[in-house]
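Open the model in your viewer and keep the selection panel at hand. The tour goes from one strand to its partners, then to a single side chain, then out to the whole chain.

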Amino acid sequence: MHLLTGEEIKASMAPARGLFVDPLLDPGQIASSGIDLRLGYDFLVGVTTRRPSFDLRPPASDQPRGIASYFQETRRDLGDKFVLYPNQVVLTTTLEYLCVPENMSVNLETRSSLNRLGVHVGTSLQPGYTGCASLELFNHGHTPIELVVGARVVQARIFRLDATHAYLGKAPRKYVANVRPEVSRILEDSELARLRAIWERNSNAGRDID
């Protein structure tokens with residue numbers, strides 16, 4: 001695995017080379033070992049509800065409360081501010097739309113200047129991913145922070161792999177070609193249903209013993 005330099009990133013973005021990032025508003029976004037990406041327009045803000053928790057093991061016979069109901073959607077224009085409050089989870093995306101070649105992967109890391117204010121973002125894009133990059137914002141500090149839509153928030157560090165890997169391969173994918181933030185689709189994980197079945201079987205066995 002090889003970390004691409006700024007010059008290698010520029011070469012990889014040439015026509016027919018596979019790496020696509022658009023819009024690139026400023027050539028200076030390409031740094032010595034990554035690309036600075038900007039804050040997008042749409043936000044899903046975590047809100048407090050009367051339900052005390054996310055239920056990741058819902059009863060098979062009960063329709064669980066949708067995870068989306070724990071978030072409120074809002075939108076801002078380019079140059080508008082968005083206030084990120086302490087201990088708040090906000091889902092958003094990059095302004096840029098990306099196409100990652102099947103022989104590359106991308107790690108997204110918060111710009112150091114925002115890290116120093118308590119903002120943290122950490123996510124990755126798998127080989128072959130296409131769409132705006134999902135950003136999970138969290139304010140670890142004690143002070144609200146006024147982010148600016150369109151400002152640089154993360155740096156994409158791009159790695160060239162030794163082999164190709166298709167994102168849309170045999171296994172189904174949950175997040176494909178997103179242009180707006182999406183809530184977690186963890187309830188689609190098949191392991192949760194299997195673990196639920198194991199728990200119910202063990203619980204029923206315990207009641208039979210009693």
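**Start at β3**

Select β3 and strand β4 (residues 71-75): the two run antiparallel and are joined by five bridges. This is a predicted model. For a checkpoint on this pairing, pick Val45, which has Gln72 of β4 opposite.

**Add the other partners**

Keep β3 selected and add strand β6 (residues 89-99). These two strands also pair in the antiparallel sense, over four bridges. Click Leu44, then look across to Leu91 in β6, which stands opposite.

Now add strand β12 (residues 152-160). Its pairing with β3 is antiparallel and spans four bridges. Asp36 marks the spot here: its bridge partner in β12 is Gln155.

Switch on the surface for β3. How many of its 12 residues are buried? The count is 10, so the strand is mostly covered.

**Zoom in on Asp42**

Select Asp42, which sits in β3 (residues 35-46). Is Asp42 buried or exposed? Its relative accessibility is 6%, and buried means under 20%, so Asp42 counts as buried.

Show side chains next. Which side chain makes a polar contact with that of Asp42? Arg75 does, at 2.8 Å.

Expand the selection to the neighbours of Asp42, leaving out residues up to four places away in sequence. Thr74 and Arg75 appear, along with Leu91, Thr92 and Thr93. Arg180 and Pro181 complete the set. Two of these names have come up already: Arg75 holds the polar contact, and Leu91 is the residue opposite Leu44.

**Zoom out**

Clear the selection and show the protein chain as a cartoon. Its secondary structure comes to three helices and 12 strands. Along the principal axes, the C-alpha atoms fill a box of roughly 70 × 45 × 25 Å.

Colour by burial. Of the 210 residues in the chain, 34% are buried. The accessible surface is about 12,300 Å², and carbon and sulfur atoms own 52% of that area.

Draw a contact map if your viewer has one. Take contacts with a separation of 6 or more: 77% of them join residues 24 or more positions apart.

Finish with charge. The chain carries 24 positive and 24 negative side chains. Where do the centres of the two sets lie relative to each other? They are 1 Å apart.

How values were computed
Residues numbered from 1 in each chain as written. Predicted model: local features only at pLDDT ≥ 70, side-chain atom pairs only at ≥ 80, totals over all residues. Heavy atoms only, no water. Buried < 20%, exposed > 50% of the residue type's maximum accessible area, 1.4 Å probe, protein only. Contact = heavy atoms within 4.5 Å. Areas by Shrake-Rupley, 256 points an atom, 1.4 Å probe, with all protein chains shown as cover. Lys, Arg positive; Asp, Glu negative; His and termini not counted. Charge placed at Lys NZ, Arg CZ, Asp CG, Glu CD. Polar contact = N/O pair within 3.5 Å; in protein donor to acceptor, adjacent residues only side chain to side chain. Pairing = 2+ DSSP bridges.
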